[in-house]
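Biologist: Before we use any labels, I would like each one set against its cut-off. Please show the model and start with the rule for burial.

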Amino acid sequence: MIVLIIALLVGILIGLFIPISIPQDYSSYVAVGLLAALDSIFGALKSNLKGDFKIDIFISGFVGNTLIAMLLAYMGDMLGIPLYQAAVVAFGVRIFQNFGEMRRSILIKNKSFSKEEKNQ
Amino acid sequence: MKVKIKKPTGGQVAIAILLLVLGILISMQIKSVRQSNELKNLEKARAIELAEQINQLRKENVSLRQQIYDLEKKIKEYQDSAASISKTTELLKEELDKVKILAGLTDVEGPGIIITLDDSKIPAQPNVDPNSFLLHDSDILQVINELRAAGAEAIAINDQRVVSTTEIRCAGPTISINNTRYSAPYIIKAIGDPKILKNSLEMRGGIIDLLKEFSIEVKIEEASKVVIPRYTGSLKFNYAKIKSEGS
């Protein structure tokens, strides 16, 4: 867990000090892609807690969801429909769901641990 | 709860790498968004600044014009007081007044006509050049020419006095007269014999006939009293000098 947080922070620092920023025209697509990636991360954390984490599912989800979200946003711009909202809603809801499940499983585990300790 | 530092599994390494990439992208995106906001604010600030400058210049313009009027009033007072001194100066002043009318440097009034010209009100039709239903500088020029030929003594377009240096020039969708831009409608005032002026404009095959063919809106009014303002621009002659006697 700590390794992951450190990785994220290092990434943010690298991004800040690289003298490159995303071109204005692509900024909105990257934003949607970021949301999809964030959703995949939360999904991975949840399955890691549950113990059914599979690396191929995680990587395909991370890359695939990001690409589809960006493509959807781009197509929406082409067609004149705010399709990126679909991605925002879908991934937003999923992030909250995943977080909720993580919360629950952590709390339940802690309770059972403390019971076991009492019993011993 | 005890925090156990476990050896990172393969999955955690993968997540770590992707999180690293995610972090880079997040901070790049944040930079990009911040830049675009700054750009927008800059544009807004610039627009506000320009608007303020325009207001400032307008105020200056008004006060400068007031100054011109004040100075001219003073000149007139001096001339009047000079005229009362002797017969010669009185004659000179009469001469000066005549020249001023000729040069368009005083407000004048008298009988004449008022012509109102406006773009055609007919809606644009396909396959027809919309330009032919608009008023052009050449149309105005022809009307002015006709008025001059009919003996108009003073002419103004939208209260811009037509003097020897006046230009009537196409300036995009507007027409520039004395370096001031005007859009339709154009109100041309002329002092002279109202009947002659009107007839010369309305003669068969004349300019008004031509304009009406393109459904340009033309209105001609005879008036017993037309007031034509003076020329308010600057008069500077850099090249033309009075020819010296005997040369």
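Modeller: Buried means under 20% relative accessible area, exposed means over 50%, and partly exposed lies in between. The model is predicted.

Biologist: Why is K46(A) called buried?

Modeller: The relative accessibility of K46(A) is 19%. The cut-off is under 20%, so K46(A) counts as buried.

Biologist: What makes E101(A) partly exposed?

Modeller: Its relative accessible area is 28%, and the class in between runs from the 20% limit to the 50% limit. E101(A) is therefore partly exposed.

Biologist: How do you know that E101(A) and K46(A) meet in a salt bridge?

Modeller: N to O is 3.6 Å for this pair of side chains, and the rule asks for a Lys or Arg nitrogen within 4 Å of an Asp or Glu carboxyl oxygen. E101(A) lies in helix α4 of chain A and K46(A) in helix α2 of chain A, so the pair ties together parts 55 residues apart in sequence. K46(A), K50(A) and E101(A) are linked in a network of salt bridges.

Biologist: What separates D97(B) and K93(B) along helix α2 of chain B?

Modeller: They are 4 residues apart, about one helical turn. Their closest N and O atoms are 3.2 Å apart, which is within the 4 Å limit. K93(B), at 18%, is buried, whereas D97(B), at 32%, is partly exposed.

Biologist: Why does the pair E222(B) and K195(B) count as a salt bridge?

Modeller: The N to O value is 3.7 Å, and the limit is within 4 Å. The pair links distant parts of the chain, with E222(B) in strand β8 of chain B and K195(B) in helix α4 of chain B, 27 residues apart. K195(B) has a relative accessible area of 53%, and exposed means over 50%, so K195(B) is exposed. E222(B), at 37%, is partly exposed.

Biologist: How do you know that the buried residues of α1(A) line one face of the helix?

Modeller: Those residues are L4(A), A7(A), G11(A) and G15(A). Seen down the axis of α1(A), they fall within an arc of 70°, so they line one face. On the other side, I2(A), I5(A) and F17(A) are exposed.

Biologist: What makes β3 and β8 of chain B edge strands?

Modeller: The open sheet has the order β3-β2-β7-β1-β8 in chain B, with antiparallel pairing. β3 and β8 each have a single partner strand, so one side of each is left without a neighbour in the sheet.

Biologist: Why are β2 and β7 of chain B called paired?

Modeller: A pair needs at least two bridges, and 4 bridges join these antiparallel strands.

Notes:
Residues numbered from 1 in each chain as written. Chains lettered and ligands numbered in written order. Predicted model: local features only at pLDDT ≥ 70, side-chain atom pairs only at ≥ 80, totals over all residues. Heavy atoms only, no water. Helix = DSSP H or I, 4+ residues; strand = E, 2+ residues; numbered from the N terminus. Buried < 20%, exposed > 50% of the residue type's maximum accessible area, 1.4 Å probe, protein only. Arc of directions from axis to C-beta.
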